[in-house]
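I wanted to look through this structure for open space and for charged side chains that pair up, and I kept these notes as I went.

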Amino acid sequence: MVHVPSSAAPHRSAIDAFAQIVGATHVITDEAERHYYSTDIFYWEDAGVADCVVQPASSAEIMALVKAAAAHDFNVSIRGGGMSYTNGYGPGASPCVLVDMRRLNAIGEINLTDRYVVVEAGCTWAALTDALKAKGARLTFNAPFSGIY
């Protein structure tokens with residue numbers, strides 16, 4: 001069972017449902033950590049704070065999380081590496097579950113002939129750059145500064 005602080009107690013059933021999907025170690029309820037995950041590189045003060053953060057490892061877990069969120073009347077916000085510069089993933093309304101995509105970081109395919117790659121949502125530019133380098137290839141443009149995250 002996930003430790004649910006008293007501030008999140010009204011949402012215990014939703015948080016427990018999320019933990020059943022991704023495992024308790026991948027559900028974040030600590031207030032300081034939730035604040036960290038809820039903010040963008042330039043938006044520290046204006047963002048709301050998610051009621052919990054979950055870290056799925058598969059598209060099946062994401063589908064189950066969205067269904068559980070809907071069943072518990074939770075809003076869903078998706079987070080990448082936290083360096084988008086846009087405040088595009090902050091929780092818009094409470095209750096909100098923030099889905100941290102970093103565990104979905106696989107590189108599925110590197111096709112050098114047709115010059116494309118298939119990656120999961122949490123794959124970093126740095127990881128892709130390294131994988132291409134190992135095959136004697138490189139990106140046709142430099143990855144953004146935020147690429148390591």
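I first looked up which element gives the most to the lining of the largest pocket, and found that α4 does, with three residues. The model is a predicted one, and I read the entries below with that in mind. Besides α4 (125-134), the strands β5 (107-111) and β6 (116-119) each supply at least two residues of this lining.

I then took down the volume, which comes to about 280 Å³ for the largest pocket. Its lining is made of 14 residues, and the closest to the centre are Arg 115, Tyr 116, Leu 132, Arg 138 and Thr 140. Sorting the lining by character, I noted ten nonpolar residues, two polar and two charged.

Next I turned to the salt bridges, of which the structure holds two.

In one of them, the side chains of Arg 12 and Asp 16 meet at 3.7 Å, N to O. Both residues belong to helix α1 (residues 12-22), where they sit four residues apart, about one turn of the helix. I noted Arg 12 as partly exposed, because its relative accessibility is 31%.

In the other, Asp 100 pairs with Arg 102, and their closest N and O atoms are 3.2 Å apart. Is Asp 100 buried or exposed? I entered Asp 100 as buried, because its relative accessibility is 1% and the cut-off for buried is under 20%. Its partner Arg 102 has a relative accessibility of 32%, so I entered Arg 102 as partly exposed.

Notes. Residues numbered from 1 in each chain as written. Predicted model: local features only at pLDDT ≥ 70, side-chain atom pairs only at ≥ 80, totals over all residues. Heavy atoms only, no water. 1 Å grid on protein atoms, 1.4 Å probe; cavity = no way out; pocket = protein on both sides within 12 Å on 5 of 7 lines; lining within 4 Å. Points joined across faces, edges and corners; volume = space filled by probe spheres on them. Nonpolar A, V, L, I, M, F, W, Y, C, P; charged D, E, K, R; others polar. Salt bridge = Lys/Arg side-chain N within 4 Å of Asp/Glu carboxyl O. Buried < 20%, exposed > 50% of the residue type's maximum accessible area, 1.4 Å probe, protein only.
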